[in-house]
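User: Can you walk me through how the ligand is held in this model, and then the odd backbone spots?

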Amino acid sequence: RKIGVAILGLGGYAKGQIAPALQLTQHCELRGIITGSPDKIPEWQQQYGIRDENVYSYDTMDGIADNSAIDVIYVITPTATHRDFAVRAAATGKHVWCEKPMAMTPEECQDIIDAASRAQVKLSIGYRMLHEPNTRKLIQLTKDKAYGELRSANSYAGYAGNPPPADYWRGQRDMGGGALYDMGVYTVNGLRYGTQMSPAAVVEAFQRRQERANGVDLTTTYTLRYPNGMLAEGKTSVVEDYNQLHIEAENGWYEMKPMQPYQGVKGSTSDGKTLGPPVPNQQSIQMDDDALAILNDTEVMAPGTMGKADIAVIRAIIESAETGKEVEISN
Ligand code: NAD
């Protein structure tokens, strides 16, 4: 049996990555769309053979509860809308896949977790790196303590783009725009999988913001401290290029560089090993993993609790930048 997926939100990532990747999966089928833009419907129906009865608007989507062709609703809308859409998606009784970052606050994340648990459906966050085979080799090195105890870590994710415009959600702070939510979540999650630890505190953080009302951070830097005293550095930007996850351990180092492009994720180690070769399509692996978790009723790899823990770190980074003080992270 294949898992029937309905995509909610037909924007850039849905169109450019997820819908094409669904065609490469073994266990999924793109069967439905949920959209607020009627003009997009004909193209999607034609390109992917989506039947009329599997096309929904945000007003009619609750009716998906009675549609046995759909098993999963994949929420791919601006970050500030994830909570409401994901809670509604879970209430239909369908499994929920929700893009990163999970939501704006830990409280919003908890609402999604509660809705999924009430409906007894699976909830998975779109953290594609956790499914990426070369990244999984790095994770295994940490789990095996292959280079001894960890000493420090850093993670940088940014791209040299134009500052996002004020009339687009990526340029609006209250919609979840800005470097820290959009790209920084990769560094926060990368440090989590790279160290296999949860940080205890943000030691310090700095944000360079657009100088206008509701303006987003263009660059954010931060230092985390772990319960064992280890420090890690993060840096993220929408105007500067960098991309790595680097782990220093007692007996050597290992890293992914670049750590999170769609293609060409590659790692190396201090003793000359390569964590490769390139993987053709991460998102198809991600969705097959998540489909198998549904089919076999097993744990998902990127649960809501992980998405929430990362948002707690992001909020603590913002608080530290605003107060100039160290901020403890409540998990
Ligand atoms: P986008 O701007 O290209 O598309 C957003 C879509 O949401 C549009 O179709 C828009 O019409 C729709 N939408 C629904 N409600 C809306 C509202 N209230 N305001 C504005 N638009 C609304 O954005 P995107 O790049 O597709 O990003 C969507 C989500 O996917 C974000 O959460 C983003 O972080 C995530 N994303 C993840 C990855 C990844 O690699 N995992 C990559 C890109 C984006």
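Analyst: Here's a short run of questions and answers on the ligand site and the backbone.

Analyst: Quick ground rules: this is a predicted model, where local features need pLDDT of at least 70, side-chain atom pairs count only at pLDDT 80 or more, and totals for chains, interfaces and linings use all residues. Residues are numbered from 1 along each chain as its sequence is written, and side-chain values use heavy atoms, with hydrogens and water left out.

User: Which residues are the closest to the ligand?
Analyst: A residue counts as near if one of its heavy atoms lies within 4 Å of the molecule. On that basis 25 residues surround the ligand, and the closest are G12, K100, R128, Y168 and Y186.

User: Why does the ligand lie between domain 1 and domain 2?
Analyst: The domain bounds come from an automatic or database domain assignment. The ligand lies between the two because its shell takes residues from both domain 1 (3-128) and domain 2 (129-294 + 303-328).

User: Which side chain has an N or O atom 2.9 Å from a nitrogen atom of the ligand?
Analyst: A polar contact here is a pair of N or O atoms within 3.5 Å. Backbone N or O atoms of G12, at 2.7 Å, and of T77, at 3.1 Å, each pair with a ligand oxygen. For the ligand nitrogen, the side-chain partner at 2.9 Å belongs to E99.

User: How much of the ligand's accessible area does the protein cover?
Analyst: Areas come from the Shrake-Rupley method with a 1.4 Å probe. On its own the ligand has 840 Å² of accessible area, and the protein's cover comes to 79%.

User: Where does the cis peptide bond with omega near -5 degrees sit?
Analyst: As background, most peptide bonds are trans. One cis bond joins K257 and P258, with omega about 0 degrees. The cis bond with omega near -5 degrees runs from G276 to P277.

User: Which residue has a positive phi of about 50 degrees although it is not a glycine?
Analyst: Most residues other than glycine have a negative phi. The residue with a phi of about 50 degrees is K145.

Notes
A polar contact is a pair of N or O atoms within 3.5 Å; within protein, one must be able to donate a hydrogen and the other to accept it, and residues adjacent in sequence count only if both atoms are side-chain atoms.
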